[in-house]
Amino acid sequence: EIKTVTCARDSRHSSPSLQRAFIDSLLNAGIHVCDLGIAPSELVYFSSFDSTIDAAFMITASHNPRDYNGLKSMRHGGNIFKEGELKPNCDTPIINAQAKGKLLKIDFTQQYLRRVKEITRGIQLPKLKILANACHGTAFPLAQALFQHFELEVDWIQSEANGNFPN
């Protein structure tokens, strides 16, 4: 049974309204939701390993054109849902749940960064200057924090959120 989920989105223009509608539907169904905001898929996958999270969702069309959008979904531990597993839930009306779900605030970004620091403790990278593509802004905050941890000099491209996906 799904009781608590995380949900993030990419920077497409359609993503905020789709995420709002998706989260509202989950809350109305009595499911607690942690809104990750704009975040890369890696953070969504990471959040699915938390012991309190039953499923994780990402509003994105990944590498498809800007006019597309969709939903990545995974169960606890990054496992995929089996074919048809979500369908029974989709066929059941979700309004008027006995109790509405709660919108939760859990900082998975800091947890993710702590975990990376933990598993890379003692690793010294050479002083590098790199060029990083921040995927139209979606990956920028998380990637910037990681590169700062490794003390890398970075020139950024596509670091600002841009739902037009010009490249």
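The legends below describe close-up views of a predicted model.

**Figure 1. Overall fold of the chain, with five helices and seven strands.**
Read from the N terminus, the elements follow the order β-α-β-α-β-β-α-β-α-β-α-β. Along the principal axes, the C-alpha atoms fill a box of roughly 55 × 35 × 30 Å. The chain has 167 residues, and 35% of them count as buried. About 10,400 Å² of the chain is exposed, with 52% of this area supplied by carbon and sulfur atoms. Among the contacts that join residues at least 6 apart in sequence, 71% are between residues at least 24 apart.

**Figure 2. The largest nonpolar core, with 20 residues.**
Ala-8, Leu-36, Leu-43, Val-44, Phe-108 and Tyr-112 touch the most other members of this core. At least two residues of the core come from each of β2 (32–38), α2 (41–47), β3 (55–59), α4 and α5 (140–149). Helix α4 gives the largest share, four residues. In soluble globular proteins, nonpolar side chains tend to be buried together.

**Figure 3. Surroundings of Leu-36, one of the core residues that touch the most other members.**
With residues up to four places away in sequence left out, Leu-36 touches Thr-6, Cys-7 and Ala-8. On the same basis, Leu-36 also touches Val-44, Ser-47, Ile-106 and Phe-108. Of these partners, Ala-8, Val-44 and Phe-108 are also named among the core members that touch the most others.

**Figure 4. Ile-23 in helix α1 and the second nonpolar core.**
Helix α1 spans residues 15–28 and holds Ile-23. A second core, separate from the largest one, has eleven residues, including Val-5, Cys-7, Ile-23 and Phe-57. Ile-23 counts as buried because its relative accessible area is 6%, under the 20% limit. Beyond its neighbours within four places in sequence, Ile-23 is in contact with Cys-7, Val-33, Asp-35 and Leu-103. Cys-7 is thus a contact of Ile-23 and is also named in the second core. Gly-101 lies 78 residues from Ile-23 along the chain, and their C-alpha atoms are separated by 9.6 Å.

**Figure 5. Thr-120 and His-149, which are in contact.**
Thr-120 sits in the loop between α4 (108–119) and β6 (129–133), whereas His-149 lies in helix α5. Outside its neighbours within four places in sequence, Thr-120 is in contact with His-149 and Phe-150. The corresponding contacts of His-149 are Lys-117 and Thr-120. Is Thr-120 buried or exposed? Thr-120 is buried, because its relative accessible area of 15% is under 20%. His-149 has a relative accessible area of 31% and is therefore partly exposed, as this value lies between the limits of 20% and 50%. The C-alpha atoms of His-149 and Leu-113 are separated by 8.8 Å, with their positions 36 residues apart along the chain.

**Figure 6. Backbone at Glu-151, with a positive phi.**
Glu-151 is in the loop between α5 and β7. Phi of Glu-151 is about 55°, although this residue is not a glycine. Most residues other than glycine have a negative phi. The relative accessible area of Glu-151 is 56%, so the residue counts as exposed, the limit being over 50%.

**Figure 7. Gln-158 in the segment after β7 (153–157).**
Gln-158 also has a positive phi, near 55°, and is a residue other than glycine. Its relative accessibility is 23%, and Gln-158 therefore counts as partly exposed. Which residue, 22 residues apart from Gln-158 in sequence, is 4.6 Å from it, C-alpha to C-alpha? That residue is His-136.

**Figure 8. The second largest pocket, with a volume of about 480 Å³.**
The lining of this pocket is made up of 23 residues. Ser-62, His-63, Cys-135, Thr-138 and Phe-165 are the lining residues that lie nearest the pocket centre. By residue class, the lining divides into eleven polar, seven nonpolar and five charged residues.

Methods. Residues are numbered from 1 along each chain as its sequence is written. This is a predicted model: local features need pLDDT of at least 70, side-chain atom pairs count only at pLDDT 80 or more; totals for chains, interfaces and linings use all residues. Side-chain values use heavy atoms; hydrogens and water are left out. On a 1 Å grid over the protein atoms alone, a cavity is a set of points where a 1.4 Å probe fits but cannot get out, and a pocket is an open set with protein on both sides within 12 Å along at least five of seven lines; lining residues have an atom within 4 Å of a point. Grid points are joined across faces, edges and corners, and a volume is the space filled by probe spheres set on the points. Ala, Val, Leu, Ile, Met, Phe, Trp, Tyr, Cys and Pro count as nonpolar, Asp, Glu, Lys and Arg as charged, and the others, Gly among them, as polar. Buried means under 20% relative accessible area, exposed over 50%, partly exposed in between (1.4 Å probe, protein chains only). Contact means heavy atoms within 4.5 Å. Accessible areas come from the Shrake-Rupley method with a 1.4 Å probe; for residues, only the protein chains shown count as cover. A nonpolar core is a set of buried Ala, Val, Leu, Ile, Met, Phe, Trp, Tyr and Cys residues joined through side-chain atoms within 4.5 Å.
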